[in-house]
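Let's take a walk through this structure together. Have a look at the fold, and then we'll go through it piece by piece.

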Amino acid sequence: MATTITGMKPLFQVYDVRTSIAFYTDKLGFALNGTYEPDGHLYWASLMKDGVEIMLNARWEDDERPD
């Protein structure tokens, strides 16, 4: 039995989700598709471009992120 893969959504662990969103939208032309931001901390974002979807996930809490 053959398996067919019709799509993939990679999840990237990033230092700063806001900075990463700016890079993907401003420099690469992705559109912001959705976010998860409870209590003012942006933990997760989904972006899309030309049928490609990626997800960004905060690697650390804001106060624990290295410089």
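Asp 50 is exposed, with a relative accessible area of 72%; anything over 50% counts as exposed here. You'll find Asp 50 in the loop between β3 and β4. Its backbone has a quirk too: phi of Asp 50 is near 50°, a positive value in a residue other than glycine. Keep in mind that this is a predicted model.

Now hop over to the loop between β2 and β3, where Asp 39 sits. Here again phi is positive in a residue that isn't glycine, with Asp 39 near 55°. And is Asp 39 buried or exposed? Asp 39 is exposed, and its relative accessible area comes to 83%.

Both loops link strands, so to speak, and that brings us to the sheet. Strands of a sheet pair through backbone hydrogen bonds, and they can do that either parallel or antiparallel. In this model, 4 strands make up an open sheet, running in the order β1-β4-β3-β2, with mixed pairing. At the edges are β1 (11-14) and β2 (31-36), each of which pairs on one side only. From one strand to the next, the twist averages 25°.

Let's zoom in on one pair. β1 goes with β4 (residues 52-58) in the parallel sense, over 4 bridges. If you want a spot to look for, Gln 13 stands opposite Asn 57 in β4.

Last stop: the helix. Helix α1 (residues 17-27) packs on the sheet and touches β1, β2, β3 (44-49) and β4. The direction of α1 makes about 160° with that of β4.

Note on methods. Residues are numbered from 1 along each chain as its sequence is written. This is a predicted model: local features need pLDDT of at least 70, side-chain atom pairs count only at pLDDT 80 or more; totals for chains, interfaces and linings use all residues. Side-chain values use heavy atoms; hydrogens and water are left out. Two strands pair if DSSP finds at least two bridges between them. Helices (H or I, at least four residues) and strands (E, at least two) are DSSP runs, numbered from the N terminus. Axes are lines fitted to C-alpha atoms, for helices over the stretch in contact, and angles run from 0 to 180 degrees between N-to-C directions. Contact means heavy atoms within 4.5 Å. Buried means under 20% relative accessible area, exposed over 50%, partly exposed in between (1.4 Å probe, protein chains only).
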